[in-house]
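Trainee: I should like to take a close look at a single part of this structure. Could you begin with one side chain and its surroundings, and then move outward to the other parts?

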Amino acid sequence: MNKPLRRIAIFCGLLMLALLIRDNWLQYAQADKLRTDDRNRRVAIERYASPRGDIIVGGEAITGSKETSGSDYKYKRTYKDGPMWAPVTGYASQAFGATQLESIEDGILTGNDDRLFFRNTLDMLTGKKKQGGNVVTTLNAAAQKAAYNGLKRQGGKGAVVALEPSTGKILALASFPSYDPSSFAGNSTTTDTKAWQKLQKKNNPDDPMLNRALREVYPPGSTFKVVTAAAALENGLYTDPEEPTETPLPWIMPGTTTELKNEGNIPCKNASLRDALKVSCNTVFGKIGSDLGNDKMLEMAKKFGFTEEQFTPVRATASVFSDDMNQSQTALSSIGQFNTAATPLQMAMVASAVANDGVLMKPYMVDMLQARDVEPIERTDPEEYSRPLSADNAQKLQSMMETVVKDGTGRNAQIPGVTVGGKTGTAQHGENNSKNPYAWFISYAKTSDGESPVAVAVVIEDEDAVRDDISGGGLAAPIARDVMEAVIKGKQ
């Protein structure tokens with residue numbers, strides 16, 4: 001072979017080698033990445049080629065699947081009471097993808113999870129059609145209905161979270177206004193796309209697709225005084241709920257000439273922790289925060305879950321308590337104002353820890369993953385998150401919160417034959433408090449056997465309400481009461 005031909009042969013050989021290397025790289029090293037790439041249309045076609053498994057509440061499916069026509073996507077998702085359950089399920093749409101449980105547990109629901117490989121192989125050999133597994137939630141249908149209907153009846157925006165204190169199970173997770181995931185589950189440009197566009201924030205200022213229970217933070221107002229009271233007890237600033245506090249009236253915030261005001265003419269001078277929580281004294285709890293200082297208040301807030309995202313497994317936004325604040329800023333933060341901001345989930349965690357004798361359990365909403373034959377694949381075990389306060393101090397705080405409901409601002413949460421502890425909050429909103437405040441209520445219920453089956457947080461934002469009519473006790477407490485009653489009745 002002459003020299004030019006040899007060069008050509010070598011060059012062609014190198015090209016063949018490069019092609020083989022590239023082919024093997026694509027088939028083996030890159031195969032999984034390409035297979036699961038969202039831009040690979042085959043992924044979506046496969047996802048909707050068979051009925052999805054279901055999301056289960058109380059033994060009943062709140063989702064389904066139905067055949068579609070005129071599309072290479074064979075099945076689309078359906079939802080039962082979609083707006084009520086949307087903050088839990090999220091959506092699975094042929095056109096717009098998936099969110100929340102529908103996305104996080106997509107492998108189980110589609111049947112593509114590696115843990116289902118053996119079952120899928122058997123199905124293929126026996127000729128059975130592929131079918132996804134189920135996601136069994138911790139939700140309580142009656143509690144969720146009470147939460148959603150209460151928000152809907154109120155008519156503004158808001159959210160409710162209910163937890164089981166002993167385990168951390170999420171019993172209710174409601175947000176209003178909401179949306180129906182079924183309305184855009186397909187890929188029709190005339191129906192699904194239009195429904196999707198109407199729900200976007202730029203077209204709908206109420207932002208119905210915002211999960212206010214997990215993704216929105218609000219100033220918690222006076223409900224944060226429960227955290228401040230816990231800090232006072234745990235740090236030994238005060239040890240007896242009946243002990244008078246050293247709180248002058250008026251109280252001038254350190255480093256300023258500004259008086260911290262109380263709401264109305266209430267007895268706050270040197271008030272005890274019990275009386276201060278009952279009538280919600282800003283001066284008492286502001287001064288406690290100032291006396292303890294930023295570091296100790298931040299430490300307590302973190303023990304309750306502030307400053308960290310929570311994964312339920314759906315992600316919840318981190319609640320805020322700032323560091324590097326001076327005494328006056330710490331005072332304002334300690335009554336739930338200044339930079340302090342919390343999700344409804346976070347404030348339910350606060351009530352839950354107090355109700356559970358100082359032990360905070362990690363919140364979760366997936367109880368179990370099942371194969372198509374309902375055989376368990378994975379179970380969630382309750383997990384301790386932290387211990388913000390001792391059992392003794394938690395019980396002292398319980399007695400104080402129970403006074404709030406029995407004789408104070410939380411009377412609307414009373415349930416006959418049930419011990420209820422709670423705390424109201426009316427949080428400032430807008431620059432110089434120019435907008436209607438947020439109405440808060442956090443609570444727990446204790447049955448006659450001493451068990452605390454439920455803790456609840458409710459927040460209401462109603463821009464159309466008469467300002468003087470807005471209060472945590474008036475707007476939020478009745479909803480919390482209905483949710484607690486629903487849980488208790490289900491256990492009787």
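Mentor: In this predicted model, the side chain of T343 reaches the backbone nitrogen of Q346 at 3.0 Å. T343 itself is placed in the loop between α14 (327–333) and α15 (344–355). With a relative accessibility of 2%, T343 counts as buried, because buried means under 20% relative accessible area. Leaving aside residues up to four places away in sequence, T343 touches A213, L214, E216, V217, T317, S319 and W440. The surroundings of T343 thus include residues numbered in the 200s, in the 300s and, with W440, in the 400s.

From this loop one may turn to a helix. Helix α10 spans residues 225–234 and is mostly covered, with 9 of its 10 residues buried. The buried residues of α10 are K225, V226, V227, T228, A229, A230, A231, A232 and L233. A lysine, K225, is thus among the buried residues of α10. Just after α10, G236 takes a positive phi of about 70°.

The loop that follows α10 leads to a covalent link. The count comes to 1 disulfide, which joins C268 to C281 with an S to S distance of 2.1 Å. The torsion about the S-S bond of C268 and C281 is about -90°, so the disulfide is left-handed. C268 lies in the loop between α10 and α11 (273–279), and C281 lies in the loop between α11 and α12 (282–292), so the pair ties together parts that are 13 residues apart in sequence. Both ends are covered: C268 is buried, with a relative accessible area of 0%, and C281 counts as buried at 0% relative accessibility.

The aromatic residues offer another view of how parts of the chain are linked. A pair of aromatic rings is described by the distance of the centres and the angle of the planes. The structure holds 13 aromatic pairs. In one of them, the rings of Y91 and Y179 have their centres 6.5 Å apart and their planes at 75°, so the pair is edge-to-face. Y91 lies in the loop between α4 (82–89) and β5 (92–93), while Y179 lies in the loop between β9 (170–176) and α9 (192–199), so this pair ties together parts that are 88 residues apart in sequence. Y91 counts as buried at 8% relative accessibility, and Y179 counts as buried at 6%.

A further pair involves the loop that holds Y179. The rings of F184 and W196 have their centres 5.2 Å apart and their planes at 75°, so this pair is edge-to-face as well. F184 is in the loop between β9 and α9, and W196 is in helix α9, 12 residues apart, so that the pair links distant parts of the chain. Both F184 and W196 are buried. Ring pairs link Y91, F96, Y179, F184 and W196 into a cluster.

The strand before that loop, β9, is mostly covered, with 7 of its 7 residues buried. Strand β8 (residues 157–163) and β9 run antiparallel and are joined by 6 bridges. A159 has S175 as its bridge partner in β9. The hairpin of β8 and β9 has 6 residues between the strands, and there G168 takes a positive phi near 90°.

The stretch before α4 may be considered alongside this region. D81 is found in the loop between β4 (75–79) and α4. With a relative accessible area of 45%, D81 is partly exposed. The C-alpha atoms of D81 and P181 are separated by 9.6 Å, although the two residues are 100 residues apart along the chain.

Finally, there is a sheet to describe. An open sheet is formed by 5 strands in the order β2-β1-β7-β13-β14, and the pairing is mixed. The edges are β2 (60–61) and β14 (376–379), each with a single partner strand, so one side of each is left without a neighbour in the sheet. At one of these edges, strand β1 (residues 55–57) pairs with β2 in the antiparallel sense over 2 bridges. The bridge partner of I56 in β2 is A61.

Technical notes
Residues are numbered from 1 along each chain as its sequence is written. This is a predicted model: local features need pLDDT of at least 70, side-chain atom pairs count only at pLDDT 80 or more; totals for chains, interfaces and linings use all residues. Side-chain values use heavy atoms; hydrogens and water are left out. Rings of Phe, Tyr and Trp (its six-membered ring) pair if their centres lie within 6.5 Å; planes under 30 degrees apart count as stacked, over 60 as edge-to-face and the rest as tilted. Helices (H or I, at least four residues) and strands (E, at least two) are DSSP runs, numbered from the N terminus. Buried means under 20% relative accessible area, exposed over 50%, partly exposed in between (1.4 Å probe, protein chains only). A polar contact is a pair of N or O atoms within 3.5 Å; within protein, one must be able to donate a hydrogen and the other to accept it, and residues adjacent in sequence count only if both atoms are side-chain atoms. Contact means heavy atoms within 4.5 Å. A disulfide is a pair of cysteine sulfur atoms within 2.5 Å. Two strands pair if DSSP finds at least two bridges between them.
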